[in-house]
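Reader: Hi! I'm a first-year student and I'd like a close look at just one part of this structure. Could you walk me through a metal site?

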Amino acid sequence: MILKNLVVGPLASNCYIVGSESNKEGMIIDPGDEAEVILGNVKDLGLEIKFIVLTHGHIDHIGALKEVKEATGAEVAIHTDEAKSLQRQSSSTLLGLSYPTPLSPDRLLQDGDSMDIGDLHFGVLHTPGHSPGCICLLGEGIMFSGDTLFNFGIGRTDLPGGSYSQLMNSIHTKLMILPDNTAVYPGHGPDSTIGAERRGNPFLRD
Ligand SMILES: [Zn+2]
Ligand SMILES: [Zn+2]
């Protein structure tokens, strides 16, 4: 698997470029900002981008969406419960940043859907709590956790549509059931593993 992590934008969001070694198909997860940097890396990796997958619709994860979609022609995929966040007016703001031009997703995701690029398969886990349509993407031994689970942290739940009880339920029922050696690549900050989080994440202790 080809994996490139780019830290983009004023909120240091993780954008991931994932590709199949077999046929060079790829996907971009959360093009938060800095479209030129993302597109430059896609070119260097020699990938044909099939999907742009959004773990959720917050501005810090979609800031470069329009430019990256126009340049790659890839399908934009987001959970059904989050799709309206792409339709926000440009005048609205969140976290001190303005929303980009509204855009319609090409594919609406549900829990259990799969996204395939080349020989790689990723399952969609619906993990509401940080926002209603948050997803995590689960591949073989690797999970992209968006703003649901961080390295020794969890997503904030004070933004519109957030719910602490939903977030904890999502983490316990969808993520903590995964094997300890599952790598965790979050929406912000360094990567981790399910085992390290199970043992050390202060929010997950009884
Ligand atoms: Zn967020
Ligand atoms: Zn974020």
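Author: Here is a walk around the site of one zinc ion, with a short look at a sheet afterwards. Keep in mind that this is a predicted model.

Let's start with who holds the metal. The zinc ion (ligand 2) has protein donors from Asp 60 (OD), His 61 (NE2), Asp 147 (OD) and His 188 (NE2), and they lie 2.1 to 2.2 Å from it. Along the chain, these donor residues follow the spacing D-H-x85-D-x40-H.

Now for the geometry. The angles among the 4 donor atoms run from 88 to 158 degrees, and the site counts as irregular. A tetrahedral site would need all angles between 85 and 135 degrees, so the 158 at the top end rules that label out.

This zinc ion also has company: the zinc ion (ligand 1) is 3.4 Å away from the zinc ion (ligand 2). Asp 147 coordinates both of them.

How about exposure? Asp 60 counts as buried because its relative accessibility is 5%, and the cut-off for buried is under 20%. His 61 is buried too, with a relative accessible area of 0%.

Finally, the sheet. Six strands form an open sheet with mixed pairing, in the order E9-E10-E11-E12-E15-E16. Its edge strands, E9 (114–117) and E16 (192–193), each pair on one side only. Inside that order, E11 (residues 135–138) and E12 (residues 142–146) pair in the antiparallel sense over 2 bridges. Leu 138 has Met 143 in E12 as its bridge partner.

Conventions:
Residues numbered from 1 in each chain as written. Chains lettered and ligands numbered in written order. Predicted model: local features only at pLDDT ≥ 70, side-chain atom pairs only at ≥ 80, totals over all residues. Heavy atoms only, no water. Pairing = 2+ DSSP bridges. Helix = DSSP H or I, 4+ residues; strand = E, 2+ residues; numbered from the N terminus. Donors = N, O, S within 2.8 Å, 3.2 Å for Na, K, Ca; no water. Tetrahedral: all angles 85-135°; square planar, octahedral: opposite > 155°, others 65-115°. Buried < 20%, exposed > 50% of the residue type's maximum accessible area, 1.4 Å probe, protein only.
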